[in-house]
Protein chains: 2
Amino acid sequence: MDHKTVSLADQVFEHLETDILSGKYQRGDILTENHLCEILGVSRTPIREALRRLQQEHLIVETGKGSQVLGISEDDLRDIYIIREQLEGLAAKMSAEKASEEDINELKSALELQEFYLAKQNSEQIRLMDNRFHEILYKISGSHVFYNTLLPLHKKVQKYRKVSLQSQSRANESVAEHREILNAIIKHDAAAAEAFTAQHVKNAYKHIAGKD
Amino acid sequence: MDHKTVSLADQVFEHLETDILSGKYQRGDILTENHLCEILGVSRTPIREALRRLQQEHLIVETGKGSQVLGISEDDLRDIYIIREQLEGLAAKMSAEKASEEDINELKSALELQEFYLAKQNSEQIRLMDNRFHEILYKISGSHVFYNTLLPLHKKVQKYRKVSLQSQSRANESVAEHREILNAIIKHDAAAAEAFTAQHVKNAYKHIAGKD
DNA sequence: CTATGTTTTTCTGTATACAATTATACTCAA
DNA sequence: TTGAGTATAATTGTATACAGAAAAACATAG
């Protein structure tokens, strides 16, 4: 389908972003350009461009002698969930009002895959399909601003969600909550979509923070 | 004080960011690297690094044949204010809880300058001091996440605020609202700071959107 | 005049060279 | 051994060269 060649700079960005957000590179680690050149096998130009993007995402800071990894602290995690509690319900409300037949099918497909991998107990795939569900939700809202605000925040909690979704019971609940959200959107019930989504974000944080 | 030399890439980024957010470059405009090299008098390397950062801020998109300026539409404006209405009050609440003597002095200084320029009817300087007030507020909250979320959103409404603050009456109200917020923070009255700030953002949008 | 095929130009993506700065290692005297 | 001073390494910032792709300009046949 999508045979558009991706530039090395884009590949490097995604690679490093994933490694930082997964926790492979940890807070305080120093990434030097030459080191990245060696392990990734490309010249400094695409490396530097990727670093400028990571910098703008606040995943690294320039120290003048290497890029220092910031990563996501538990304080960051708490604040991200505070913000998502405020915004994600609104995005779902907007999505419920606007969702087309096709949008709903996309959500349905993501949810069915979650249920499939839930049955297989494949928590890694559950997480990826869970990501897709949220991303589609942001997209359907029709707002670039909501999309561009929520997507990076959601990406940044991956390391913690990974652990949380290894709990069979939480994975179960999470998928069930998605089902409720989807049903509300199918009915174009904006208020229900908002309420279910806000509650879903709250529940996710409760489990991640170990407070339930 | 701050004689730290700023790289060309940083200068180019700030230059282009300002030009896009001020409306000098408009939605749809195409920026080619060579053209930017000529008008800014630097090589492609720092230009490209600046473009990667603008891309990450969603101010431009790569078309494969030049960078297309996105700018901020009126729909974006509405969504930005919806989000700020949700978040900015929370940031103020956090700031009221945490503000040190020095923090408060910083806010006070920014506010006094607003009042000074208000008397001089210098709307451009009022706007800049207004920006500073909000930025300090985000900073005092102590949350990188709130800071990094709110600051870019606030930057993106400059073009519209510029017009709004040319209204003497709105400039007056705005500065008065800041005064209320500051007083609440001085008293460490978190609930009042939250309420005044949320109302301030609402009022700002009402005026910008011409709905009052 | 128009359509088509070809050449030329433009533009990006990447690698590399070089300068400037800063950290590191090393040498030698006390 | 320690300390100062110096040479050396490492690292970033910037400019530039070159390849490849895409668009634009052009020319030619009908």
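A polar contact is taken here as a pair of N or O atoms within 3.5 Å, and the contacts described below come from a predicted model. At 3.5 Å, a polar backbone atom of B:Ala9 and a phosphate oxygen of DNA strand D form one such pair. The neighbouring contact of B:Leu8 also involves the backbone, a polar atom of which is placed 2.5 Å from a phosphate oxygen of DNA strand D. From chain A, A:Gly66 contributes a backbone N or O atom that lies 3.4 Å from a phosphate oxygen of DNA strand D.

The surroundings of DNA strand D comprise 16 residues, of which A:Arg44, A:Arg48, B:Leu8, B:Ser43 and B:Thr45 come nearest. Of the atoms of this strand that come within 4 Å of the protein, 58% are accounted for by sugar and phosphate. At least two residues each are supplied to the surface near DNA strand D by H3 of chain A and by helix H1 (8-21) and H3 of chain B, and the largest share, three residues, comes from H3(B). When divided by class, the surface near DNA strand D holds four nonpolar, six polar and six charged residues.

Around DNA strand C there are 17 residues, and those that come nearest are A:Leu8, A:Ser43, A:Thr45, B:Arg44 and B:Arg48. Sugar or phosphate provides 52% of the atoms of DNA strand C within 4 Å of the protein, the rest belonging to bases. Several polar contacts with bases of DNA strand C involve side chains. An N or O atom in the side chain of B:Arg44 is 2.8 Å from a base nitrogen of DNA strand C, and an N or O atom in the side chain of B:Lys65 is 3.1 Å from a base oxygen of that strand. In chain A, a polar side-chain atom of A:Lys65 lies 3.4 Å from a base oxygen of DNA strand C. The elements giving two or more residues to the surface near DNA strand C are helix H1 (8-21) and helix H3 (44-56) of chain A, together with helix H2 (33-40) and helix H3 (44-56) of chain B. Among these elements, H3(A) gives the most, with three residues. The composition of the surface near DNA strand C is four nonpolar, seven polar and six charged residues.

The two protein chains also meet each other, with 25 residues of chain B in contact with 25 residues of chain A. Between them, chain B and chain A bury about 2400 Å², 60% of it on carbon and sulfur atoms. On the chain B side, B:Glu49, B:Gln56 and B:Val145 lose the most area to chain A, and together they make up 24% of what that side buries.

Four salt bridges are found across the interface of chain B and chain A; in a salt bridge with an N to O distance of 2.7 Å, the side chain of B:Arg48 meets that of A:Glu49. Across the interface of chain B and chain A, 10 residue pairs are found in polar contact, with both residues at pLDDT 80 or more. The side of chain B that touches chain A draws at least two residues from each of H3, helix H4 (74-98) and helix H7 (144-155) of chain B, and H4(B) gives the most, with nine residues. By class, the residues on that side of chain B divide into 10 nonpolar, eight polar and seven charged.

Definitions and conventions:
Residues numbered from 1 in each chain as written. Chains lettered and ligands numbered in written order. Predicted model: local features only at pLDDT ≥ 70, side-chain atom pairs only at ≥ 80, totals over all residues. Heavy atoms only, no water. Near = heavy atom within 4 Å. Polar contact = N/O pair within 3.5 Å; in protein donor to acceptor, adjacent residues only side chain to side chain. Helix = DSSP H or I, 4+ residues; strand = E, 2+ residues; numbered from the N terminus. Nonpolar A, V, L, I, M, F, W, Y, C, P; charged D, E, K, R; others polar. Contact = heavy atoms within 4.5 Å. Buried area = accessible area lost by both parts, 1.4 Å probe.
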